[in-house]
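A visitor meets this structure for the first time and asks a guide about it.

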Amino acid sequence: MKRIAIQGTLGSYHDIAAHKYFEGEEIELICCANFEDVFAAIRKDSQTIGMLAIENTIAGSLLHNNELLRQSGTQIIGEYKLRISHSFVCLPEEDWNDITEVNSHPIALMQCREFLNQHPRIKVVEAEDTALSAEIIKRENLKGHAAICSRAAAERYGMKVLQEGIETNKHNFTRFLVVADPWQVDEIRKQNTVLNKANIVFTLPHSEGSLSQVLSILSFYNINLTKIQSLPIIGREWEYQFYVDVAFNDYLRYKQSITAITPLTKELKILGEYAEGKSNV
């Protein structure tokens with residue numbers, strides 16, 4: 001049985017993504033209050049696998065998770081792209097006229113802004129987690145409260161679904177990364193040797209054209225940049241770390257490109273090499 005550390009509780013989108021990615025396998029979830037605790041669980045038990053959201057098609061990147069990943073020393077071994085569909089749920093005996101407050105994670109609330117604007121009398125309150133909001137409302141019998149969460153969470157905690165698909169943009173996907181202790185990577189990969197995507201992070205000298213030189217070399221080797229994100233380096237004014245996701249068809253040319261750009265960087269680290277993830281629709 002695989003032990004998977006996730007942020008959030010049972011019924012959360014991390015829970016759904018973990019079961020989709022490891023479909024057909026027996027897994028045990030370790031529910032963590034925050035992403036720091038996910039990496040702490042891996043440090044505590046090197047056989048634990050972590051699953052964390054890294055970006056959303058509406059909300060953008062979870063920048064803090066990039067830094068946690070770099071600092072953790074874990075390796076990315078896979079990804080999963082989950083279609084996010086939010087539901088507006090309440091206690092079974094209540095209805096629209098009873099609701100005065102809605103609770104959910106800030107990102108979920110932001111993704112449902114158009115729906116919430118149609119209900120201005122309902123107070124919007126940020127909470128730690130989508131599924132946890134539903135669980136607390138049911139456990140504490142909070143009358144007049146609603147949650148925005150997945151339908152799976154509503155069913156798990158016995159909540160009534162008042163409306164489904166309330167997200168503003170129906171093309172709402174979150175990309176999750178699957179991470180593991182470096183010593184466990186080869187064992188986990190035994191069933192999947194396809195490697196066509198990688199995440200790297202590097203810093204560059206503060207000089208003109210340094211980034212364009214790196215990008216030109218990657219282009220020469222036919223490496224497709226699927227994402228580039230810069231983050232400031234704390235304590236080093238106007239210097240940045242660049243988090244880059246790349247996709248490739250030829251693993252050898254990808255490795256050659258890494259060798260070619262390394263001398264141009266101050267520091268370069270490969271955060272993981274893995275198979276491009278599937279999407280559920």
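The questions and answers below go through annotations, pockets, rings and backbone angles.

Visitor: What kind of model is this, and how are residues numbered?
Guide: This is a predicted model, in which local features need pLDDT of at least 70 and side-chain atom pairs count only at pLDDT 80 or more, while totals for chains, interfaces and linings use all residues. Side-chain values use heavy atoms, with hydrogens and water left out, and residues are numbered from 1 along each chain as its sequence is written.

Visitor: Which residues does the UniProt annotation "domain: Prephenate dehydratase" cover?
Guide: The annotation comes from an unreviewed UniProt entry; such positions are given in the numbering used here, feature names are shortened, and annotations may be inferred rather than shown by experiment. In the model, the annotated span is 31% helix and 34% strand, and its end C-alpha atoms lie 13 Å apart. Helices (H or I, at least four residues) and strands (E, at least two) are DSSP runs, numbered from the N terminus. The residues covered are 3–181.

Visitor: How far apart are the end C-alpha atoms of residues 199–275?
Guide: The unreviewed UniProt entry gives this span the annotation "domain: ACT". The span is 29% helix and 39% strand. Its end C-alpha atoms are separated by 11 Å.

Visitor: Which element gives the most to the lining of the second largest pocket?
Guide: A pocket is found on a 1 Å grid over the protein atoms alone, as an open set of points with protein on both sides within 12 Å along at least five of seven lines; lining residues have an atom within 4 Å of a point. This pocket is lined by 18 residues, with Tyr13, His14, Ala53, His105 and Ile107 nearest its centre. Two or more lining residues come from each of helix H1 (13–21), strand S3 (49–56), helix H4 (106–111) and strand S11 (173–180). The element that gives the most, with 3 residues, is H4.

Visitor: What is the volume of the second largest pocket?
Guide: Its lining draws at least three residues from each of domain 1 (1–82 + 171–189) and domain 2 (85–162), with bounds that come from an automatic or database domain assignment. By class the lining has 8 nonpolar, 9 polar and 1 charged, where Ala, Val, Leu, Ile, Met, Phe, Trp, Tyr, Cys and Pro count as nonpolar, Asp, Glu, Lys and Arg as charged, and the others, Gly among them, as polar. Grid points are joined across faces, edges and corners, and a volume is the space filled by probe spheres set on the points. For this pocket the volume is about 310 Å³.

Visitor: Which element gives the most to the lining of the largest cavity?
Guide: A cavity is a set of grid points where a 1.4 Å probe fits but cannot get out, and the largest cavity here has a volume of about 60 Å³. Its lining includes Ile54, Arg175, Lys227 and Tyr243, and draws at least three residues from each of domain 1 (1–82 + 171–189) and domain 3 (195–272). Helix H3 (63–72), S12 and S14 each give two or more residues. The most, 3 residues, come from S14.

Visitor: Is Tyr243 buried or exposed?
Guide: Tyr243 lies in strand S14. Buried means under 20% relative accessible area, exposed over 50%, and partly exposed in between (1.4 Å probe, protein chains only). The relative accessible area of Tyr243 is 4%, so Tyr243 is buried.

Visitor: How are the rings of Phe202 and Phe242 arranged?
Guide: Rings of Phe, Tyr and Trp (its six-membered ring) pair if their centres lie within 6.5 Å; planes under 30 degrees apart count as stacked, over 60 as edge-to-face and the rest as tilted. The structure holds 9 aromatic pairs. In this one the centres are 5.8 Å apart and the planes are at 25 degrees, so the pair is stacked.

Visitor: Which strands hold Phe202 and Phe242?
Guide: Both residues are buried. The pair links distant parts of the chain, 40 residues apart. Phe202 is in strand S12 (residues 197–203), and Phe242 is in strand S14 (residues 240–247).

Visitor: Where is Asn222, and what is its phi?
Guide: Most residues other than glycine have a negative phi. Asn222 sits in the loop between helix H9 (210–220) and strand S13 (224–232), and counts as exposed at 60% relative accessibility. Its phi is positive, near 60 degrees.
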